[in-house]
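Student: I'm new to this one and would like to get to know its pockets and its ligand. Can we go through it together?

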Amino acid sequence: MTQSWSPERYERHARFVSDLGQPVLDLLSPVPGERILDVGCGDGALTEKIVAAGCTVVGVDASAAQVAGARQRGIDAYVLDAHELAYDTEFDAVFSNAALHWLTEPQRVVRGVWRALKHGGRFVGEMGGGDNVAAVVAAFTVALQRRRIDAEQFNPWYFPSDSEYRQRLETQGFEVLSVQLIPRPTPIPGDVGDWLQTFTESFLQAVTPADRPALIDEVRSELQPVLCSDNGAWTIDYVRLRFCARKPN
Ligand code: BEZ
């Protein structure tokens, strides 16, 4: 199961992801002079704002193409799977937006973040949680079931509840200052077919390349009554999990 990111496709169909990042940036509340790690920095659009706040920022992302984009913005960015974080007690804060739900061994990630933080440092993030994009998952389940394929085998996402994620943070030793699920139905630019092609590569890889256009059409038809308005505008059923936790002194 893979998900690749084309910077050009991302710019056209996914820019809203970083555009909607202001609330979690506000929660981070970066202080000039702080050293901050951005986990899943993507092309650096939000990372750049933390730099502009006067911080020294290191970005990591599993996508080489996205890291190249971040570097073009002048970000100190590295290709790294965030399961493999190996920083040691060196950051005032670890930040993450719309990345942690792609990481299917969450406790490993939480452990790496903990290790990366100085004592008293904070972990501030936002990711998909709870029933995030439930209509999309249900539509793939129906369309793949017709092909006798179990969609769950191709589901790439980890969308925890607030209580589950709190538990993970506390198990590691974090003091959880806030954790909440926030329904955020999100209008997308253009047609849902573009969104599906941009974000659901893993489900699409369940079928042959020749069958993918038909699969997208079927998923689109399932979603139309639920996510498309009478005037043809699509809104995805996003739910955010936003949290702030502290590594005690
Ligand atoms: C999300 O940010 O919640 C998300 C992104 C891509 C696919 C599914 C969910």
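Tutor: Sure, and one term comes up front: a pocket is an open set of grid points with protein on both sides within 12 Å along at least five of seven lines, and its lining residues have an atom within 4 Å of a point. Keep in mind that this is a predicted model.

Student: Which residues lie nearest the centre of the largest pocket?

Tutor: Its volume is about 960 Å³. The lining runs to 50 residues. Those nearest the centre are Trp 5, Ala 98, Ala 99, His 101 and Trp 102.

Student: Which element gives the largest share of that lining?

Tutor: Several elements each supply at least two residues, among them strand E1 (35-39), strand E4 (91-97) and helix H9 (192-199). Helix H2 (15-19) is on that list as well. The largest share is four residues, and they come from H2.

Student: How many residues in the lining of the largest pocket are charged?

Tutor: Let's sort the lining by class. There are 25 nonpolar residues and 16 polar ones. That leaves the charged group, which numbers nine.

Student: Where does the ligand sit?

Tutor: Look at what surrounds the ligand: His 101, Trp 102, Gly 128, Asn 132, Trp 157, Phe 159, Phe 199, Tyr 238 and Arg 240. Two of these names, His 101 and Trp 102, also turn up nearest the centre of the largest pocket. The space the ligand takes is indeed the largest pocket.

Student: What distance separates an oxygen atom of the ligand from an N or O atom in the side chain of Arg 240?

Tutor: Start with the other polar partners. A polar side-chain atom of His 101 is 3.4 Å from a ligand oxygen, and for an N or O atom in the Asn 132 side chain the distance is 2.7 Å. For Arg 240, it is 2.2 Å.

Student: How much of the ligand's accessible area does the protein cover?

Tutor: On its own, the ligand has 260 Å² of accessible area. The part of this that the protein covers is 97%.

Student: What class are the residues lining the largest cavity?

Tutor: That cavity holds about 30 Å³ of space. Its lining includes Leu 100, Met 127 and Tyr 165. With no polar and no charged residues there, the seven are nonpolar.

Note on methods. Residues numbered from 1 in each chain as written. Predicted model: local features only at pLDDT ≥ 70, side-chain atom pairs only at ≥ 80, totals over all residues. Heavy atoms only, no water. Near = heavy atom within 4 Å. Polar contact = N/O pair within 3.5 Å; in protein donor to acceptor, adjacent residues only side chain to side chain. Areas by Shrake-Rupley, 256 points an atom, 1.4 Å probe, with all protein chains shown as cover. 1 Å grid on protein atoms, 1.4 Å probe; cavity = no way out; pocket = protein on both sides within 12 Å on 5 of 7 lines; lining within 4 Å. Sits in = over half its atoms within 2 Å of the grid points. Points joined across faces, edges and corners; volume = space filled by probe spheres on them. Nonpolar A, V, L, I, M, F, W, Y, C, P; charged D, E, K, R; others polar.
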